[in-house]
Amino acid sequence: MTNKSSENFAFPDTLWRRKVRTRILNWYRRNARDLPWRNNLHPYRSWVSEIMLQQTQVATVIDYFNRFIKRFPDVVSLANAEQQEVLRYWEGLGYYRRARQLHLAAQVVRDQHDGEFPTDFESVLALPGVGRYTAGAILSISRNQRLPIVEANTNRLFARLLLHDEDVMSSSSQKRFWAFAEWILPRKHISDFNQALMEVGALVCTPQKPDCKGCPLKSICPTELQQCWERIPKPKKKTKYENLFEVAVVLRDPKSKFVLIRQCEAGERWEGLWDFPRFECSVKKPKQPTRHELSRISSKLNQLTDCSATQLNWLTQIKHGVTKSRIALNCFQADVPRRKRKLKENLKWVHPDDLNNIPLSVTGRKLAKSIS
DNA sequence: AAGACGGGGAA
DNA sequence: TTCCCAGTCTT
């Protein structure tokens, strides 16, 4: 192997590199946050934390991580759990595919790696839900293996350090950053160094108003010199949102008080999670829906559940954003004359108290709380 | 190369 | 409101 990919790019000299390494490491030793996954470094814990941290901020993850590790302290306990329980522990974190793949990967480790989390890069990378970043992060952080990482924080830090003004997510930018991450990586203290890169990105080299005065790399960072952090990294074009109007119905059996819930299927959002029957439908004045609107709701409800409702009472409106949609969800309650004998696979009647043990979409949880 | 996936926190 | 987040996987 004579062609290291970093040789295809022009980076500063090795003196500059040494400064970056020592300054970043020294800064980290004084400024590292005390985060739960930094105690008791172990590949399993590191893996769980890395999956949770994908596209999710540190502050959000902390409580989820602690609860999750308490319930699933090792990879085999996770593998042996029901997927529904794993999803329940994930509820509210979003990107639920992560939880399904985490669970699946735990079973792969149990069945193909003797229940021991693998420590070679190829095996880790082969696990579902693990890409180049996550595999490198797990093994570098928990085992000090010499593997580079590139993620949101380092994208920003590298772009500024290299005065890189292209879109950081383009494939050419990513190639350059991976090469740089490899080039800048020291021989020793890999775990601290990789965490330090992210920590500087998170605490100092922030998207808005970075703290260049407190930065360990000030005076060797061209972006600090030129005071051009607003231009680098290149701002992305803003996403436009689409307004959606939906209706959810709490169907209730008045005798037993049971309510009907529906499991989201593959191809839908929230696959594997449960929700109240729900569909797209706009209602102008939800408190006084027109006859026409009511009949549309009934018809769609019947289509989804084979149940017919006697009278629809408006409960509340819940607003929430999902990816690029902004949804206004009008919630109704209705009693059913009598329960159907045969239900579709993905429907079930449950007592409201039992909803506590069932993974629901966040809006489903809000609605469940409002009726209990 | 682009789009989907989710929700919370901060400005 | 909009932006951003310890990315991965599928078209």
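1. In this note, contact between residues means heavy atoms within 4.5 Å. By that criterion, and leaving aside residues up to four places away in sequence, Arg365 touches Arg88, Glu91, Leu355, Asn356, Ile358, Pro359 and Leu360. The model under review is a predicted one.

2. Arg365 merits a closer look. This residue lies in helix α14, which covers residues 362-371. Is Arg365 buried or exposed? Arg365 counts as buried because its relative accessibility is 11%, and the limit for that class is under 20%. A polar atom of the Arg365 side chain lies 2.7 Å from the backbone oxygen of Ile358. Ile358 is also one of the residues that Arg365 touches.

3. The next point concerns the division of the chain. Chain A is divided into domain 1, residues 5-226, and domain 2, residues 242-371. To the contact between them, domain 1 gives 7 residues and domain 2 gives 13 residues. The centres of the two domains, taken over C-alpha atoms, are separated by 39 Å.

4. About 820 Å² of area is buried between domain 1 and domain 2, and carbon and sulfur atoms give 51% of that area. Which three residues of domain 1 supply more of the area that it buries against domain 2 than any other three? They are Gln84, Arg88 and Glu91, which together supply 56% of the area on the domain 1 side. Of these, Arg88 and Glu91 also appear among the residues touched by Arg365.

5. The surface near DNA strand B may be considered next. There are 17 residues around this strand, and those that come nearest are Tyr95, Tyr96, Ser171, Trp270 and Lys324. By class, the surface near DNA strand B has 6 nonpolar, 8 polar and 3 charged residues. Sugar or phosphate accounts for 55% of the atoms of DNA strand B within 4 Å of the protein, and bases account for the rest.

6. Individual atom pairs add detail for DNA strand B. A base nitrogen of the strand lies 3.5 Å from a polar side-chain atom of Gln57. A polar backbone atom of Leu93 is 3.4 Å from a base nitrogen of DNA strand B. For Gly92, a backbone N or O atom lies 3.4 Å from a sugar or linking oxygen of the strand.

7. DNA strand C is surrounded by 26 residues, and the closest are Glu50, Gly129, Gly131, Thr134 and Arg156. Which helices each supply at least two residues of the surface near DNA strand C? They are α2 (43-53), α8 (132-143) and α9 (152-161). By class, the surface near DNA strand C has 10 nonpolar, 9 polar and 7 charged residues.

8. Of the atoms of DNA strand C within 4 Å of the protein, sugar or phosphate makes up 63%, and the rest belong to bases. On the phosphate side, a polar side-chain atom of Thr134 lies 2.6 Å from a phosphate oxygen of the strand. A polar backbone atom of Gly131 is 2.7 Å from a phosphate oxygen of DNA strand C. On the base side, an N or O atom in the side chain of Glu50 is 3.0 Å from a base nitrogen of the strand.

9. Helix α8 also holds Gly136. Gly136 counts as buried because its relative accessibility is 0%. Not counting residues up to four places away in sequence, Gly136 touches Phe121, Ile141, Leu147, Pro148 and Ile149. Gly136 and Pro148 are 12 residues apart in sequence, and their C-alpha atoms are 6.1 Å apart in space.

10. Some backbone features deserve a check in the viewer. A cis peptide bond, with omega of about -5 degrees, joins Ile232 and Pro233. Pro233 is found in the loop between α12 (222-226) and β1 (242-252).

11. Positive phi values form the final topic. Asn40, a residue other than glycine, has a positive phi near 55 degrees. Asn40 is found in the loop between α1 (14-31) and α2. Because its relative accessibility is 56%, Asn40 counts as exposed. Asp114, a residue other than glycine, has a positive phi near 60 degrees. The loop between α6 (97-112) and α7 (121-126) is the place of Asp114. At 75% relative accessibility, Asp114 counts as exposed.

Methods
Residues are numbered from 1 along each chain as its sequence is written. Chains are lettered from A and ligands numbered from 1 in the order in which they are written. This is a predicted model: local features need pLDDT of at least 70, side-chain atom pairs count only at pLDDT 80 or more; totals for chains, interfaces and linings use all residues. Side-chain values use heavy atoms; hydrogens and water are left out. A residue is near a molecule or strand if one of its heavy atoms lies within 4 Å of it. A polar contact is a pair of N or O atoms within 3.5 Å; within protein, one must be able to donate a hydrogen and the other to accept it, and residues adjacent in sequence count only if both atoms are side-chain atoms. Ala, Val, Leu, Ile, Met, Phe, Trp, Tyr, Cys and Pro count as nonpolar, Asp, Glu, Lys and Arg as charged, and the others, Gly among them, as polar. Helices (H or I, at least four residues) and strands (E, at least two) are DSSP runs, numbered from the N terminus. Buried means under 20% relative accessible area, exposed over 50%, partly exposed in between (1.4 Å probe, protein chains only). Domain bounds come from an automatic or database domain assignment. Buried area is the accessible area (1.4 Å probe) that two parts lose on being put together, summed over both.
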